[in-house]
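Welcome, and thanks for taking a look at this one with us. Below is a short briefing to read alongside the sequence and the coordinates.

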Amino acid sequence: MKKEIRVTNSEWYVMSCLWEENPRTLMQLVPILKERVGWSKSTCATMVRRMAEKKLIGYKEEGKTKYFFPKVRKEEVVVQETRDFLQRIYDGSIGMMMSALVQQNDLSKEDIQELQEILKAAEQESDKKQNR
């Protein structure tokens, strides 16, 4: 069974920076995180240290400089976060979530078309699996 990946909201900011471009040094991360979330250098350093301890990020050292990189793929984290959200808010029901969005009229025509295409592809994939 795959290990669950837990990323806090604060960790997500750092991960986003590293998924966008890596490796990055602490001094490259500081101005980005200061602009995005108002963090100081010490806050950034603390976050990076904790995330390395959690093995969410790794680093390679060249001289006195550490170059940080993500140790988990964005897709893995997104899937886990989506599952957690769906379970916590909608008791795991995709139908309940979609119903809530439809009732709020939050779906554009383009959104609806995109969802139909996603469902059609999922249906085709399911058919392939059943025919194996």
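Ser99 is found in helix 5, which covers residues 94–103. Please keep in mind that this is a predicted model. The notes begin with Ser99, then turn to helix 3 and its packing, and end with a loop residue.

**Ser99**

- Ser99 has a relative accessible area of 32%, so Ser99 counts as partly exposed, the class between the 20% limit for buried and the 50% limit for exposed.
- Between Ser99 and Leu56 there are 35 Å in space, C-alpha to C-alpha, for a separation of 43 residues in sequence.

**Helix 3: length and faces**

- Helix 3 runs over residues 41–53, and at 1.5 Å a residue its 13 residues should span 18 Å. The C-alpha atoms at its ends are 18 Å apart, which agrees with that expectation.
- Which residues of helix 3 are buried? They are Cys44, Met47, Val48, Met51 and Ala52.
- Looking down the axis of helix 3, these buried residues fall within an arc of 130°, so they line one face of the helix.
- A general point helps here: an α-helix has 3.6 residues a turn, so residues three or four places apart point the same way.
- Ser42 and Glu53 are exposed, and they sit on the face of helix 3 turned away from its buried side.
- Just after helix 3, Lys55 adopts a positive phi of about 65°.

**What packs against helix 3**

- The cover over the buried residues of helix 3 includes two helices, helix 1 (9–20) and helix 2 (26–37), along with strand 1 (57–62) and strand 2 (65–70).
- In general, two packed helices are described by the angle between their axes and the distance between the axes.
- For helix 1 and helix 3, the angle is about 90° and the axes are 10 Å apart. That makes helix 1 roughly perpendicular to helix 3.
- On the helix 1 side, the residues in this contact are Ser10, Glu11, Val14 and Met15, and they meet Met47, Val48 and Met51 of helix 3.
- Sorted by class, the contact between helix 1 and helix 3 has five nonpolar residues, one polar and one charged.
- Met47, Val48 and Met51 thus appear twice in this picture: they are among the buried residues of helix 3, and they meet helix 1.

**Thr25, a loop residue**

- Thr25 lies in the loop between helix 1 and helix 2.
- Is Thr25 buried or exposed? Its relative accessible area is 11%, under the 20% cut-off, so Thr25 is buried.
- Leaving aside residues up to four places away in sequence, Thr25 touches Thr65, Lys66, Tyr67 and Phe68.

Methods: Residues are numbered from 1 along each chain as its sequence is written. This is a predicted model: local features need pLDDT of at least 70, side-chain atom pairs count only at pLDDT 80 or more; totals for chains, interfaces and linings use all residues. Side-chain values use heavy atoms; hydrogens and water are left out. Helices (H or I, at least four residues) and strands (E, at least two) are DSSP runs, numbered from the N terminus. The expected span of a helix is 1.5 Å times one less than its number of residues. Buried means under 20% relative accessible area, exposed over 50%, partly exposed in between (1.4 Å probe, protein chains only). The arc is that of the directions from the helix axis to the C-beta atoms. Contact means heavy atoms within 4.5 Å. Axes are lines fitted to C-alpha atoms, for helices over the stretch in contact, and angles run from 0 to 180 degrees between N-to-C directions. Angles under 35 degrees count as roughly parallel, over 145 as roughly antiparallel, 65 to 115 as roughly perpendicular and the rest as oblique. Ala, Val, Leu, Ile, Met, Phe, Trp, Tyr, Cys and Pro count as nonpolar, Asp, Glu, Lys and Arg as charged, and the others, Gly among them, as polar.
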